[in-house]
Amino acid sequence: MYKKIMVPVDLAHIEKLEKALETAADLSKHYDIPVCYVGVTSSAPGQVAHTPKEFASKLKDFAAEQEKKYGLTSVDSKSYTSHDPSIDLDETLIDATGDTGSDLVVMASHVPGLPEHIFASNAGEVAMHAKVSVFVIR
């Protein structure tokens, strides 16, 4: 079916990702395919980490926690550094599908409101432009 699942992760808002994380883990176990947790950070210090290296370490730890929590057999993580993640996030995630060898993206969305009628959501942009299947979890 699929070869690899990519799960975009915002380490600052893990509590909002639980449904997507559970879905990705369930698909991984059901189809026996690996999961790659992907995060995008800035080179400037932020609320999650002071450096990209620290961010990558925290993302790796998060992936290991998910592996243990859900009993997954093959998990990895990949962090990307962007000059401005608020602008580059969609493009970075789309590029990451090829970089990680993923053919399925499972990502969380949010309940749409007025801003989404003017600006597209990250999940919507990835779903529109990625060349792989995208499963948006609300």
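What volume does the largest pocket have? About 840 Å³. Keep that pocket for the end of the tour. The model on screen is predicted.

**Stop 1: strand β1.** Select residues 5-8. Both faces of this strand are covered. I5 and V7 are buried on one side, and M6 and P8 are buried on the other.

**Stop 2: the neighbouring strands.** Add β2, residues 35-42. β2 runs parallel to β1, and four bridges join the two. Find V7 and look across to Y37, its bridge partner in β2. Now add β4, residues 104-108. β4 also pairs with β1 in the parallel sense, over two bridges. Here I5 stands opposite L104.

**Stop 3: around I5.** Show the contacts of I5, leaving out residues up to four places away in sequence. Among them are A24, L27, I33, V35, L104 and V106.

**Stop 4: the cores.** The largest nonpolar core has 26 residues. I5, V7, V9 and Y37 touch the most other members. Colour β1, α1 (18-31), β2, α2 (52-70) and β4: each gives two or more residues to this core. Another core, of twelve residues, lies apart from it. Select V38, L93, V105 and A130 to see some of its members.

**Stop 5: the largest pocket.** Select V9, D10, H13, L89 and N122. Of the 31 lining residues, these lie nearest the centre of the pocket. Next, show β2, α3 (85-100), β4 and α5 (122-129), which each give two or more residues to the lining. β2 gives the most, with five. Finally, colour the lining by class: 18 residues are nonpolar, eleven polar and two charged.

Notes
Residues are numbered from 1 along each chain as its sequence is written. This is a predicted model: local features need pLDDT of at least 70, side-chain atom pairs count only at pLDDT 80 or more; totals for chains, interfaces and linings use all residues. Side-chain values use heavy atoms; hydrogens and water are left out. Buried means under 20% relative accessible area, exposed over 50%, partly exposed in between (1.4 Å probe, protein chains only). Two strands pair if DSSP finds at least two bridges between them. A nonpolar core is a set of buried Ala, Val, Leu, Ile, Met, Phe, Trp, Tyr and Cys residues joined through side-chain atoms within 4.5 Å. Contact means heavy atoms within 4.5 Å. On a 1 Å grid over the protein atoms alone, a cavity is a set of points where a 1.4 Å probe fits but cannot get out, and a pocket is an open set with protein on both sides within 12 Å along at least five of seven lines; lining residues have an atom within 4 Å of a point. Grid points are joined across faces, edges and corners, and a volume is the space filled by probe spheres set on the points. Ala, Val, Leu, Ile, Met, Phe, Trp, Tyr, Cys and Pro count as nonpolar, Asp, Glu, Lys and Arg as charged, and the others, Gly among them, as polar.
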